[in-house]
Amino acid sequence: MYSPKIVAFLCTWCSYAGADLAGTGRNQYPPNIRVIRIPCSGRINPIYIIKALLEGADGVLVSGCHPGDCHYLVGNYFARRRFVVLKKLLTTAGFDADRVQFTWVSASEGARFADVIKAVSEKVAAASREDGSSVLLSSSDVHDKAQARHRERPPVFPNAQKARQSNCPPVLHELISHCKSLLENGTVDAVVGFRAGGETGLSLPCIITSPEDADKLVWNDRCVPNLSGYLCDREGRTAIVAKPCDARAVVNLIAENQLKRENVYIIGMVCDGMTGDNAAPLPCCLECTVRIAPVCDVLIGNPDDVDGIPVQSRSEKDVHDAPLADFTSERFADEMSKCILCFSCRQSCYGCYCKTCFIDRGEPDWQTASPDTGAKMLYHLGRAMHLAGRCVECGACENACASGVDIRYLIRETTSFIHDTYEYRTGMDIETKPAMLTYKTDDSEIGFLE
Ligand code: FES
């Protein structure tokens, strides 16, 4: 049998001591593991695991203290959610689920440690290719299946089209007069909204600070960019013209302490979906089920105009998603081949607000100089993991990508997994803690080693 290389991250307070005990107790186990001692399983950044796989490890094991026994009380509870979601992400991207293993081993479980290493070695060996040529699954009919997922765009949104044809629809009147009064009576210092765009017709972000300038605001089916990121560094109280996805992003930024609720005035817009340059609906809007801002200070538009059912009917969506189950690896490789690492997805994403992105950090140096496939995978998987439980499905990443990379499918899979597993949907209410920033002591251990 192939002898795999396995990187084992072991918590120093329990599993590392368990490994010691296995040694002193002369419990035999395969010599495949390379141990990295860590202070707590909660300190494991998922990027370490992704990087290990992409750098040639056949498998990765993370072992910490049993739930309830963490030296830092709750580190492993947070880690457990992270690992469950990471495994889902990796399998969606095409990694064999058996390559990444998580478990708990205490300092007194030397014999269990040996058993764990035996089991992990067998699973990873079975999942490995002897030539180590690829960490991805293989399949033959890449091209046929890639063709199959090209989308048929349905006709344009009827209501949005109407709004675009009208120079000053009633909704825009209402928006402008509301913004004027907010600025006149000093409720806010500025309004972040949209103004008429350039040749492409895309409405552009603008910041209005005087009531006279409020007439420059527009509202139409080309108000595509997510504006929430413009709020983060502002002083004073700012109003935002918020599509439902923008409003959800604002709520999540508040939950992550990037904004204060009292500094934001949310003008929720009833949204019938946005369209692209060719007047076809944007893919994210086809799937969107949140057409009314879930949290807002004022709602503009008629909620009766929309019903929350995705424009793309359920049956059409199922057809589109069906092939994912059996060719995710090819899809991932296909999408990676288009990426040129321009980072426009990151720049346009409301959730990517770190001053220095992990991929730009020098220590450790995550990024290689050339845009090879490994670097692209590391970036996209790392970013997808950062967005787990934070994506508001605004589609800004795919709208900004000049190469047409549809990496949102990965994020969408983890988003719906988190919804199903932890009953959490990002930015839907101001009270609920984001799924990855909390835990339950009885959280399920999906995909963990028995
Ligand atoms: Fe061991 Fe936290 S100290 S998992």
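**Exercise 1. Determine whether Val 392 is buried or exposed, and locate its surroundings.**

*Step 1.* Apply the burial criterion: a residue is buried if 20 or more other C-beta atoms lie within 10 Å of its own, exposed if 12 or fewer, and partly exposed in between, with C-beta atoms placed from the backbone. Val 392 has 29 C-beta neighbours inside 10 Å and therefore counts as buried.

*Step 2.* Note the basis of the assignment. The model is predicted; local features need pLDDT of at least 70, side-chain atom pairs count only at pLDDT 80 or more, and totals for chains, interfaces and linings use all residues. Residues are numbered from 1 along each chain as its sequence is written.

*Step 3.* Place the residue. Val 392 lies in the loop between α13 (373-386) and α14 (396-400); helices (H or I, at least four residues) and strands (E, at least two) are DSSP runs, numbered from the N terminus.

*Step 4.* List the contacts, where two residues are in contact if their C-beta atoms, placed from the backbone, lie within 7 Å. Residues up to four places away in sequence not being counted, Val 392 touches Cys 245, Arg 248, Ala 249, Asn 252, Thr 426 and Gly 427. Although Arg 248 is 144 residues apart from Val 392 along the chain, their C-alpha atoms are separated by 6.3 Å.

**Exercise 2. Establish how many residues of α13 are buried, and what span the helix has.**

*Step 1.* The expected span of a helix is 1.5 Å times one less than its number of residues. For the 14 residues of α13, the distance from first to last C-alpha is 20 Å, close to the 20 Å expected.

*Step 2.* Of these 14 residues, 10 are buried, and the helix is mostly covered. Among the buried ones are Met 377, Leu 378, Tyr 379 and Leu 381.

**Exercise 3. Describe the sheet that contains β7, and the helices that pack on it.**

*Step 1.* Two strands pair if DSSP finds at least two bridges between them. Five strands form an open sheet of mixed pairing, in the order β6-β5-β7-β8-β9. Its edge strands, β6 (204-208) and β9 (298-300), each pair on one side only.

*Step 2.* From one strand to the next, the twist averages 25°; axes are lines fitted to C-alpha atoms, for helices over the stretch in contact, and angles run from 0 to 180 degrees between N-to-C directions.

*Step 3.* Strands β7 (residues 238-242) and β8 (residues 264-269) run parallel and are joined by five bridges. Thr 238 stands opposite Val 264 in β8.

*Step 4.* Helix α7 (residues 170-184) packs on the sheet, touching β5 (190-195), β6, β7, β8 and β9, and its direction makes about 150° with that of β9. Helix α8 (residues 244-255) lies across β7 and β8, at about 140° to β7.

**Exercise 4. Which residues have the most contacts inside the largest nonpolar core?**

*Step 1.* A nonpolar core is a set of buried Ala, Val, Leu, Ile, Met, Phe, Trp, Tyr and Cys residues joined through C-beta atoms within 7 Å. The largest has 122 residues, and those with the most contacts inside it are Val 60, Leu 89, Cys 179, Val 191, Ile 240, Val 241 and Val 250. Helix α3 (residues 75-93) gives the most to this core, with eight residues.

*Step 2.* Neighbours within four places in sequence set aside, the contacts of Val 250 include Leu 231, Ile 240, Leu 259 and Val 264.
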